[in-house]
Amino acid sequence: MTWGVQTWDAAGKPNNYGLVPVALVGQISLDAEQVSGSWSFTVPAGYRLDYLYLPKLSAYTQTRRAITISGGTVTVSSASSSTFGYGTEMAYAAFIIVYLRND
């Protein structure tokens, strides 16, 4: 018996891939309250970088960090304590796991 859910784009091409294998390109270790840094990675044609944010230890802080990706560069900078949403995180001690996505 086969079961599951399938979706299609406007052209009728299947676009539900379930669990998609990814290519990890690196990890960045951040200290608590760290709000600066820049790291470069090689990005093959047809791909772009993305990240997962994994706190190592959560302790109360009002400090937030912005994580931006431009080309092959991941940059961490200070963010306003009232800024929330994708690309902003609490400044816990954490790992940023950097991986490739299809463009």
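I count a residue as buried when its relative accessible area is under 20%. The model I am reading is predicted.

**Entry: Asp50**

I looked up Asp50 and placed it in strand 3. Is Asp50 buried or exposed? Its relative accessibility is 7%, so I log Asp50 as buried. Next I checked its side chain. The Asp50 side chain makes a polar contact with the side chain of Tyr86, at 2.6 Å. I then listed the contacts of Asp50, leaving aside neighbours within four places in sequence. They are Ile69, Tyr86, Ile97, Val98, Tyr99 and Arg101.

**Entry: the sheet**

I traced the sheet next. Its 3 strands run in the order 1-7-3, and the sheet is open. The pairing is antiparallel. Which strands sit at the edges? I find strand 1 (23-30) and strand 3 (47-57) there, each pairing on one side only. Neighbouring strands are turned by 20 degrees against each other on average, direction ignored. Strand 7 covers residues 93-102 and pairs with strand 1 over 7 bridges, in the antiparallel sense. I also noted Gln27, which stands opposite Ile97 in strand 7. Ile97 is also one of the contacts of Asp50.

**Entry: Asn15**

I moved to the segment before strand 1, where Asn15 has its place. Asn15 has a relative accessible area of 35%, so I log it as partly exposed. What does Asn15 touch, not counting residues up to four places away in sequence? I get Gln6, Thr7, Trp8 and Asp9. The Asn15 side chain makes a polar contact with the side chain of Thr7, at 2.5 Å. The side chain of Asn15 also reaches the backbone nitrogen of Trp8, at 3.5 Å.

Conventions. Residues are numbered from 1 along each chain as its sequence is written. This is a predicted model: local features need pLDDT of at least 70, side-chain atom pairs count only at pLDDT 80 or more; totals for chains, interfaces and linings use all residues. Side-chain values use heavy atoms; hydrogens and water are left out. Two strands pair if DSSP finds at least two bridges between them. Helices (H or I, at least four residues) and strands (E, at least two) are DSSP runs, numbered from the N terminus. Axes are lines fitted to C-alpha atoms, for helices over the stretch in contact, and angles run from 0 to 180 degrees between N-to-C directions. Buried means under 20% relative accessible area, exposed over 50%, partly exposed in between (1.4 Å probe, protein chains only). A polar contact is a pair of N or O atoms within 3.5 Å; within protein, one must be able to donate a hydrogen and the other to accept it, and residues adjacent in sequence count only if both atoms are side-chain atoms. Contact means heavy atoms within 4.5 Å.
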